Structures are given as C-alpha cells and as structure tokens.
Amino acid sequence: MITAAFEPPCRFVQRARHAALLGIGALALSVAGCASQSTESTRYTLPDDDAVTEVAGDFDGSVWLSPLSLTSYLDDQGIVMQLDDIRIHQARHHLWAEPLDSQLMRQLRERLSTALPEADILRRGQTAQAASPALHVDLRVERFQGRDDGMAVVGGDWRIRDAQDRTLSRESFAIERALDSDGYPALVRALGGAWDTLGERLAEALTEAGTRATSD
C-alpha cells in the first residue's frame, strides 16, 4: 500500500488552474471532490455491460480462473487517480462498494461466459462439467485507474496454461478508454468498458489456446 502524502484535492485544483500542461481528467475529478467539503463517501460498482457480445469461438472445454492478482496500491477501497508519471492519488471519499478483485472476477466470468457460450467458466476448486481441453488462467492487474489526460487505464498480463502446466499463451495488455464526461462516475464507467474489452481479448486467446491444446 502506498502511504505517501499527497496534496488535498482542492489545493491541487487551485494549482492546476494555472498549469496549462495538466490534463483535463485529473482536474475534472479533483473539482468533483471539491464540490462539497462533506466527509460523506460515495461508493461505486462496475457497470453491467449492456453491449451485444459476439461469440469469440466454439471453444467447449473448461476454463479455471485463478484468484486475481492485484498490485498492492489497487488493493484498497479508494479509486485511484494517476497524477503524473510517478504520483498516484487514492480517493478518500470515492470508494469501491466491494473489494475490487471480487468485482473484476465477477465481471470477467460474465464476459467470458457470454463470449464462449459452450465453455465451462469456473473458479479454482469448482468441478468441471465440460469435456477437455481444460485451461487455466492466471491474471495479474497492475493498473486500474484514471489518468490526468482524461483516460481510464487498465493494464497487466495473463498466462493461459493447460492441464500439464504448459504455457499456451502469455500476453501483456494495456487498454485505454476516454472518459465521456467529468467526474468519478464517468471514470468508473470507462474503467468498466476497458475491462470488458480485456474480457473480449481473453476470450479470443482462450479459443486459440484451446485449439493448440487439442492439436498437441
């Protein structure tokens, strides 16, 4: 957990008004935090995805999702803003409604189940109903935050392995999505959209890995 002290958001906004190079994203989010001096907190959940998802392939095996690995500064209630290349700020009054890793795993399972309707998407320890191939996914998330240029950023890497622990796919990802408007609600929606995009990419990688596993 990062414990370094940061400027209060309101003071940051006052200084930002005179800094032409500061991105609109950090300014907008800071202004939202300064709108009220109340200590009342707002809690957020990732949005449900209403978009129509295309089927990624005909993969009909089992997929076990290992517990998500979050970098330490994301494993906290406060929504994270990246102020510049070396500084981050964790909001004190704009918080996740439940642990972030739980939300991300639930959304990912739903996305994969939709994109791979013939597959059995499982958590570690569950019993598979589908036939082979059996694939295992290890997923690490190192960035899930807003950025000072008005972008939501999701980054990390995944590893897909077979039942013999052979690596079939290993890939880093960096997904960015612009905020539609100012404030934390827009940031949370943009982060949710970026996470949905990751789910689509992972579904495609699982389809390819399943083909490799059955051909070996």
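Student: By class, what residues make up the lining of the second largest pocket?
Tutor: This is a predicted model. In the lining of the second largest pocket, six residues are nonpolar and four are polar. The remaining class in that lining is charged, with eight residues.

Student: Which element gives the largest share of that lining?
Tutor: The second largest pocket is lined by 18 residues. β9 (167-178) and α4 (184-215) each supply at least two of its lining residues. The largest share is eight residues, and it comes from α4.

Student: Which residues lie nearest the centre of the second largest pocket?
Tutor: The space in this pocket is about 260 Å³. Nearest its centre lie Arg177, Arg189, Gly192, Gly193 and Asp196.

Student: How are α3 and α4 oriented to each other, roughly parallel, roughly perpendicular or oblique?
Tutor: Helix α3 (residues 100-115) packs with α4, their axes 9 Å apart. The angle is about 50 degrees. Roughly parallel needs under 35 degrees, and roughly perpendicular needs 65 to 115. The two helices, α3 and α4, are therefore oblique.

Student: Is the crossing of α3 and α4 left-handed or right-handed, and which α4 residues meet α3?
Tutor: The crossing is right-handed. From α3 come Leu104, Gln107, Leu108, Arg111, Leu112 and Ala115. They meet these α4 residues: Trp195, Asp196, Gly199, Glu200, Leu202, Ala203 and Leu206.

Terms used. Residues are numbered from 1 along each chain as its sequence is written. This is a predicted model: local features need pLDDT of at least 70, side-chain atom pairs count only at pLDDT 80 or more; totals for chains, interfaces and linings use all residues. Side-chain values use heavy atoms; hydrogens and water are left out. On a 1 Å grid over the protein atoms alone, a cavity is a set of points where a 1.4 Å probe fits but cannot get out, and a pocket is an open set with protein on both sides within 12 Å along at least five of seven lines; lining residues have an atom within 4 Å of a point. Grid points are joined across faces, edges and corners, and a volume is the space filled by probe spheres set on the points. Helices (H or I, at least four residues) and strands (E, at least two) are DSSP runs, numbered from the N terminus. Ala, Val, Leu, Ile, Met, Phe, Trp, Tyr, Cys and Pro count as nonpolar, Asp, Glu, Lys and Arg as charged, and the others, Gly among them, as polar. Axes are lines fitted to C-alpha atoms, for helices over the stretch in contact, and angles run from 0 to 180 degrees between N-to-C directions. Angles under 35 degrees count as roughly parallel, over 145 as roughly antiparallel, 65 to 115 as roughly perpendicular and the rest as oblique. A crossing is left-handed if the near helix is turned anticlockwise from the far one by less than a right angle, and right-handed if clockwise. Contact means heavy atoms within 4.5 Å.
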